[in-house]
Amino acid sequence: MQFMVIEKYKQGKVEEVYKRFEQKGRLMPEGLKYINSWISEDVSTCYQLMETDDIEIFQRWISNWNDLVDFEIIPVITSRQAKEKVCG
């Protein structure tokens, strides 16, 4: 299953986010797959496409970052899947 993860960097913490990432990487647990990401132009929000069969695994990953970032996790499907779901 794929998920759009919206990370909103806490006020004044963006530099710390990038320092931690540089030092420790994504800190993702086994079973969570990173696909791609995009950053807002003002570098305040990151949009990541991720994949996992176990949504509960996000809690372990979020615990590594929630001092610097607020998260929103949204299950997503492709446009093709949406068309099939709607039109049959």
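Two strands count as paired if DSSP finds at least two bridges between them. The exercises below apply this to a predicted model.

**Exercise 1. Decide whether β2 and β3 are paired or unpaired, and find their direction.**

Step 1. Count the bridges. β2 and β3 are joined by 6.
Step 2. Apply the cut-off. Pairing needs at least two bridges, and β2 and β3 have 6, so they pair.
Step 3. Read the direction. The two strands run antiparallel.
Step 4. Pick one bridge to look at. S37 has Q48 in β3 as its bridge partner.

**Exercise 2. Work out which strands stand at the edges of the sheet.**

Step 1. Write the strand order. The open sheet has 4 strands, in the order β2-β3-β1-β4, and the pairing is antiparallel.
Step 2. Look for strands with a single partner. These are β2 and β4 (69-76), so each has one side without a neighbour in the sheet.
Step 3. Add the twist. On average, neighbouring strands are turned by 20° against each other, direction ignored.

**Exercise 3. Describe the largest pocket: its volume, its lining and the elements behind that lining.**

Step 1. Start with the volume, which is about 220 Å³.
Step 2. Count the lining. There are 15 residues, and E7, Y9, F21, R26 and Q48 lie nearest the centre.
Step 3. Assign the elements. β1 (2-9), α1 (14-24), β2 (33-39) and β3 (45-51) each give two or more residues.
Step 4. Sort by class. The lining has 11 nonpolar, 2 polar and 2 charged residues.
Step 5. Link back to Exercise 1. Q48, one of the residues nearest the pocket centre, is also the bridge partner of S37.

**Exercise 4. Take three salt bridges and say what each one joins, and how exposed its residues are.**

Step 1. Get the total. The model has 4 salt bridges.
Step 2. Take D70 and K10. Their closest N and O atoms are 3.8 Å apart. D70 is in strand β4 and K10 is in the loop between β1 and α1, so this pair ties together parts 60 residues apart in sequence. D70 is partly exposed at 43% relative accessible area. K10 is partly exposed too, at 27%.
Step 3. Take E15 and K19. Their side chains meet at 3.3 Å, N to O. They are 4 residues apart in helix α1, about one helical turn. E15 is exposed at 55% relative accessibility, while K19 is partly exposed at 46%.
Step 4. Take K13 and E16. Their closest N and O atoms are 3.5 Å apart. K13 is partly exposed at 28%, and E16 is partly exposed at 38%.

How values were computed
Residues numbered from 1 in each chain as written. Predicted model: local features only at pLDDT ≥ 70, side-chain atom pairs only at ≥ 80, totals over all residues. Heavy atoms only, no water. 1 Å grid on protein atoms, 1.4 Å probe; cavity = no way out; pocket = protein on both sides within 12 Å on 5 of 7 lines; lining within 4 Å. Points joined across faces, edges and corners; volume = space filled by probe spheres on them. Nonpolar A, V, L, I, M, F, W, Y, C, P; charged D, E, K, R; others polar. Axes fitted to C-alpha atoms, helices over the stretch in contact; angles between N-to-C directions. Buried < 20%, exposed > 50% of the residue type's maximum accessible area, 1.4 Å probe, protein only.
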